[in-house]
Amino acid sequence: MRFDFGRLSTGNAIYKITDPAALFDALPNKAGGYGYLRAVQKTVLDAWSTVRDQRDVVIKTNTGGGKTVVGLLILQCCLHEKKGPALYLAPHPHLAARVREEAARLGLAVVDDPEAVKFLSGEAICVTTMNTLVNGKTRFGLSVPGTRQPIAVGSIVIDDAHAALASTEEKTRLHIPRSHPTYNQLVDLFTEELKSQDLNGFLGIETADPSTVVPVPFWGWQDKHETVMQILHPHREDSTLKWSWPLIADILPWCQAVATAHRFEIVPLCPPIEKIPSFAEAKRRIYLTATLADDSVLVTHFDADPEGVGRSIVPESAADLGDRLVLSPQELNPDIDHEQVRALALQIANTHNVVVLVPSHEKSREWAAQANLTISMADDISAAVARLTAGHVGLVVMINQYDGIDLPDDACRLLIIDSLPFAYTGVERREATALRDSEAMVTRQLQRLEQGMGRGVRSRDDRCAVLLLGPRLTQLIARPEIAGRMSQATRAQLDLSRQVARQLEEDGDVTINAIGGVMEQVIGNDPGFRALTREVLLGATYSPASVSAWDVHLRHAYNHATQDRLGEAVTHARKAVEEAHKAGDVALAGWLGETYATYLHAVSPTGAQEALSEARKANRAVLRPRGGVAFQRIEVPSSQAQQAVDFLTKRYDNGPQLILGVTAVLDDIAWDNTRTAEAEAALAELGEHMGFTVQQPERDFNSGPDVLWSMGGHRYVVIEAKTGATAPKIWKDHINQLSGSVNWCRSNYGGDAKITPVLVHPTHVVDSAGTAPLGTRVVSRNKLKGLKAAVQKFARALAHEDRYRDPAAVEAQLADLQLAGETLLNAYAETAYREPASTM
């Protein structure tokens, strides 16, 4: 006869345990290998117990630190305290499935359906994704009349909070494609406003130029938002609108809008998370993350309590990070090119999995010949990860997948991050242009970089070699002040990587073969490397939380505006600008000034225009005021060589920085129709590096050329950048645009001005229907290649012994490399050739 031990059990003792560490010990049905909590897990669980009634709690542990177990135990304890229902949010379905598997191994009851009775009654944890919760048709319900009754949730865990942020952004914005019937209606509605901001851009919308991004000014948007409602409301159940429309329909005045050639975008000034009561009204919200360079995004996106976010729970040590060696080949040796790195990657991929993270489809094409598998954002990432985890695949390219994926152990032994992520949407492209090199943008880039580097090391015993490629990425990592913004453990590993680099330099073998040899040692589990990497991590701790005052004010401003408390909204928006100024980030202050003016317009339209004028003084990329911007002529204060010295010494601290900076500028002048704004900005920067005084009239004054170089002696170079052109000839409309810019220059700088018209275009052949202005020069594909080579030589020569600080040395290099004055155009631009008219 089998004895029934169950008859002696009270049956409910375990459900009275509210201490998560004690609960783990008491769980009766844990799988093998779950005998004890890790020290890191117990530390953070004990810390959470003391602040469990704090509404917003951030828990930071390194990847592989057991965050999933921590989150599940916390939620189970919340259920025992009657603080349910309990919800666990993962960034992607494949990670949600892994969480449910972990729960099964712990013996915890979970479901994946938010309407399951066991979840609603507090008998099981619901494990699902952020996308399931945040959307206009959410099964959790909205605080919007006419939608389903919201589900009351007591406690929520947001896993991989940084990935959840991106998901929230995506689901709370409205992108209306050009093919949708409302696209043309919206463009027509705002035609005058769009023209006032960017006439050339508006013409680009009409011709479907993919580089076009034109903002709708806030005054036009707010004054006409009711008409926007009338246009969109009949289509609210379309597949294009229904997933976002309920979230933004009643906050249209507090959205920003831009028109591009492909879509019309409407984006709230802050994500309307308040529309999701299951999240907004939850009593406990726990955010699990490995890295957040700026914790402020939890405030702006999730309306988290700034004080709670500022008191993150962290383990005593950050030394439990897996073993990584991070090298930047082009920083070690500028002569190493992408082709050599790709050859190395292919060699390693013969026996190990190599994963390459790239920011765009355009970048992925550079790896197409070597790739065994390419994964885009639209593909099933779960299937790709499963293949990599199951065995050898080879070289896998992932497009814009910098977070939210696990590539443990043999799934990835060499991780290559090829370039920083690009801005994709129109709103993002505007912001990227405005904050190009600002401190705020650098912080965001670092956060994405740390997330990317964490993909290949998913536990303390994991190892991965990491290569960083791309001029902008290389330049970012090389900046001495950047290290202080990364986590201490990452800094320690970067310091080790630099020691390895210095040793290679001392050995006189900084070649791709030498770097490949080091990579092979890391991949091969070299005991010396393992011992050294553990050694450098000793003593590493977590950095304190970082919450910026301006982001706190931005969320307060949005909250007050949506509650019709406009005076308080304006006050907080103004304080956001003031805090950015205090921090010394002028570009950010100008950018936030546009947001301040947006709120102010609802109270004082005149005051809003005055505020916008002030913002534009700090950042030329913000909206043009309603009355336009007064034209300002540029002058040349000194010789070309002296101006170059003044610019270079202000911008660069040493020669290596100069080389990396110039390389980054030249890389942005690319034949890419999605990054023309970057190309225009880079052409302006190139002129400054060469010692010219520069201006971007079309951007700044809504008329004139893309770029204007003043060479002194009343000589001007009028530049129209057509880096996005793909046609085999220069069309008439481009020629007409150049002619208009020449006339603008003559009108503003006088009839005696010496003007050289320049097109940056893949070809120098002009269609027979167009007539180029007299003296037109073309920086064609071949000529641009030569110009870039000359400028690189210029930088390297002057970097030696910091000779860029010496006007005589600069002048000599300008002359030797044919970069002085008009000589530059004669050497690196060719005469426009007009195609003969057809005789047929």
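Select helix α35, residues 732-749: at 1.5 Å a residue its 18 residues should span 26 Å, and its end C-alpha atoms are 25 Å apart, which agrees. The expected span of a helix is 1.5 Å times one less than its number of residues. Helices (H or I, at least four residues) and strands (E, at least two) are DSSP runs, numbered from the N terminus. The model is predicted, so local features need pLDDT of at least 70 and side-chain atom pairs count only at pLDDT 80 or more, while totals for chains, interfaces and linings use all residues. Residues are numbered from 1 along each chain as its sequence is written, and side-chain values use heavy atoms, with hydrogens and water left out.

Within α35, colour H734, I735, Q737, L738, S741, V742, W744, C745 and Y749, which are the buried residues of this helix. Buried means under 20% relative accessible area, exposed means over 50%, and partly exposed lies in between (1.4 Å probe, protein chains only). The residue that follows α35 is G750, with a positive phi near 100 degrees.

**Helix α32**

Next, select residues 655-668. This is helix α32, whose 14 residues reach 20 Å from the first C-alpha to the last, close to the 20 Å expected at 1.5 Å a residue. Of the 14 residues, 11 are buried, so α32 is largely enclosed by the rest of the structure. The buried set consists of G655, Q657, L658, I659, L660, G661, V662, A664, V665, L666 and D668.

To see what encloses them, display α17 (329-332), α23 (471-478), α31 (640-651), α33 (676-689) and α36 (781-799), against which the buried residues of α32 pack. At the start of the helix, show N654: one of its side-chain oxygens comes to within 2.9 Å of the backbone nitrogen of Q657.

**The loop between α36 and α37**

From α36, proceed to the loop that joins it to α37 (807-816), where R803 is found. At 30% relative accessibility, R803 counts as partly exposed. Not counting residues up to four places away in sequence, R803 touches A797, L798, A809, V810 and Q813; contact here means heavy atoms within 4.5 Å. For a sense of distance, draw a line from R803 to R675: their C-alpha atoms are separated by 33 Å, and the two residues are 128 apart along the chain.

E801 is found in this loop between α36 and α37 as well. Its relative accessible area of 68% makes E801 exposed. What is notable about the phi of E801? The value is positive, near 55 degrees, in a residue other than glycine. Most residues other than glycine have a negative phi, and most peptide bonds are trans.

**Two further backbone features**

Select S419, in the loop between β15 (414-418) and α21 (426-434). S419 is not a glycine, yet its phi is positive at about 85 degrees. Is S419 buried or exposed? At 7% relative accessibility, S419 counts as buried.

Then move to P85, in the loop between α3 and β2 (86-90). The peptide bond from G84 to P85 is cis, with omega near -5 degrees.

**Helices α3 and α4**

Helix α3 (residues 67-80) leads to the next selection, helix α4 (residues 93-106): their axes come within 10 Å and cross at roughly 65 degrees. That makes α3 roughly perpendicular to α4, a term that covers angles of 65 to 115 degrees. Axes are lines fitted to C-alpha atoms, for helices over the stretch in contact, and angles run from 0 to 180 degrees between N-to-C directions. Show T68, V69 and L72 of α3 together with V99, E102, A103 and L106 of α4, the residues that make the contact.

**D56 and D585**

Select D56, which lies in strand β1 (residues 56-60). With a relative accessible area of 2%, D56 is buried. Which side chain makes a polar contact with that of D56? The partner is the side chain of Y287, at 2.8 Å. A polar contact is a pair of N or O atoms within 3.5 Å; within protein, one must be able to donate a hydrogen and the other to accept it, and residues adjacent in sequence count only if both atoms are side-chain atoms. In addition, a polar atom of the D56 side chain lies 2.9 Å from the backbone nitrogen of D305. Leaving aside neighbours within four places in sequence, the contacts of D56 are R285, Y287, A304, D305, G308 and V309.

Finish at D585, in the loop between α28 (566-582) and α29 (586-601). D585 counts as buried at 5% relative accessibility. Beyond residues up to four places away in sequence, D585 touches S438, E439, A440 and A580.

Technical notes:
Angles under 35 degrees count as roughly parallel, over 145 as roughly antiparallel, 65 to 115 as roughly perpendicular and the rest as oblique.
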